[in-house]
Amino acid sequence: MPPVAIDSLLATRPSDAATQLASKIHDLEMRVKEERKAITKSVDEKALNATRVSLRDKYRELIEVDIAHATRLKCDEQMWKFVFYHRIDDVKKRLATLSASLQEPTKQQRAEAALQELRTTLKAWAEDSKAFYASMLAWILPACGLKLEGFLHGELAGTGRIGDPPPSAAQAGASEEGRKVMVTMCYKFLICIGDLERYKQTHCAAGLSLGKDWSVAAAHYRAAGRLIPSEGHHWNQLGVIAQFEGDHFLNLYCHARSGLSEAPFARNSDNVLALLTRVEQLVTDTGGDPPRPTDKEGRCRRFYPRFVHLVGMLYHGSDLNSYKANEEEVLIELHSLLDLDTIDPRTL
């Protein structure tokens, strides 16, 4: 059979099996919506989560049966929204409620036990969800002519369902356009794995953000970037990681890369504005002139937020006199740090 271009595939009438699956998916989406609304009325959450699993499996089945029709219906995006993101959002609300209960002596003991149970459940679910996406990548990547090795990290490395890709994936991958569509799907799946790991660290790992391990999430975002370097989404997510690590300079760099990408992340400008506002507040809180450390690490800690603040002054359109007054000192310090080999010029 000759290669079939993806535009031809998308124009082809879906098979009966794909049409039936799409109908079942629509019904399950409506069911998830209804059950999610009813949760506040003490509807069994286990039933909702079971419906989500059924919906997830139907999405996967449609992708396997007819990847062109699944692409047309944006199954990858809908699956993340209905199956994964909404559940994370629900858990975040429950965590906030339980955390508030910790402040009430009569509820504290019960709230602590409930929090521990919820975090344990969330962690197990996040790991299972990451494994689900890994198994999808295990057959889509080979259909694109790519090896799975190097794309999965942490406990996922070396996992995934290895086997022949389904016929619809093999057919789509036969053309260059089909391959691009499948690579885009893999890009999104890697972002999802990174997000799941990030949410797990945020809500399940003990301690403050600065002490948590963000390396696995960041590795999957970088893996997505290797698939499609021109996309900006992975840069935005790496900027979020930099924010958690307290690295204002890297945060700005990542969001700048996202904004300059061929396909910038949709909310990148909002994230840049939020970063600049935080740094402005940081510099203001330290009186605009924090203590001047003499060690290299301390000088960098002082320099980075001031440099980002300088960029923020341009971004916000501050008056030229204020900018010039800050620019001179910041640039002098930059030259000094470069002379001391404290800052790698390749990162600028």
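This passage walks through the overall fold, two of the helices, the main pocket and a few single residues of a predicted model.

Start with the big picture. The protein chain is built from 14 helices and has zero strands. Reading along the sequence, then, the pattern is just α-α-α-α-α-α-α-α-α-α-α-α-α-α. The chain runs to 348 residues, and 45% of them count as buried. What about contacts between residues at least 6 apart in sequence? Of these, 69% join residues that are at least 24 apart.

Helix H6 is a good place to check some simple helix arithmetic. It covers residues 108-143, which makes 36 residues, and at 1.5 Å a residue the helix should span 52 Å. The C-alpha atoms at its two ends turn out to be 52 Å apart, so the model agrees with the expectation. H6 does have a bend in it, though: about 25 degrees, located at Leu 137. Just after the helix comes Gly 145, with a positive phi of about 80 degrees.

Helix H3 can be put through the same kind of check. With 21 residues, H3 reaches 30 Å from first C-alpha to last, close to the 30 Å expected at 1.5 Å a residue. Its buried residues include leucines, such as Leu 48, Leu 55 and Leu 62, but also Arg 52, Arg 56 and Arg 60. Tyr 59 and Ile 63 are on that buried list too, along with Asn 49 and Thr 51.

Glu 45 belongs to H3, which takes in residues 45-65. Is Glu 45 buried or partly exposed? Its relative accessibility is 26%, and because buried means under 20% and exposed means over 50%, Glu 45 counts as partly exposed. Leaving aside neighbours within four places in sequence, Glu 45 is in contact with Ile 39 and Arg 94. Glu 35 sits 10 residues away from Glu 45 in sequence, and the two are 8.3 Å apart in space, C-alpha to C-alpha.

Now for the pockets. The largest pocket has a volume of about 760 Å³. Three helices each give two or more residues to its lining: H5 (75-101), H8 (176-204) and H10 (233-244). Which of them supplies the largest share? That would be H8, with nine residues. The lining has 26 residues in total, and those nearest the centre of the pocket are Trp 80, Asp 195, His 233, Phe 265 and Arg 267. Sorted by type, the lining residues come out as 12 nonpolar, six polar and eight charged.

H8 is also home to Glu 197. Here the relative accessible area is 3%, so Glu 197 is buried. Setting aside neighbours within four places in sequence, Glu 197 is in contact with Glu 127, Lys 130, Glu 155, Asp 213, Val 216 and Ala 217.

One last residue deserves a look. Lys 74 is found in the loop between helix H4 (67-72) and H5. Its phi is near 55 degrees, a positive value in a residue other than glycine. As for accessibility, Lys 74 comes in at 48%, and so it counts as partly exposed.

Key:
Residues are numbered from 1 along each chain as its sequence is written. This is a predicted model: local features need pLDDT of at least 70, side-chain atom pairs count only at pLDDT 80 or more; totals for chains, interfaces and linings use all residues. Side-chain values use heavy atoms; hydrogens and water are left out. Helices (H or I, at least four residues) and strands (E, at least two) are DSSP runs, numbered from the N terminus. The expected span of a helix is 1.5 Å times one less than its number of residues. The bend at a residue is the angle between axes fitted to the seven residues ending there and the seven starting there. On a 1 Å grid over the protein atoms alone, a cavity is a set of points where a 1.4 Å probe fits but cannot get out, and a pocket is an open set with protein on both sides within 12 Å along at least five of seven lines; lining residues have an atom within 4 Å of a point. Grid points are joined across faces, edges and corners, and a volume is the space filled by probe spheres set on the points. Ala, Val, Leu, Ile, Met, Phe, Trp, Tyr, Cys and Pro count as nonpolar, Asp, Glu, Lys and Arg as charged, and the others, Gly among them, as polar. Buried means under 20% relative accessible area, exposed over 50%, partly exposed in between (1.4 Å probe, protein chains only). Contact means heavy atoms within 4.5 Å.
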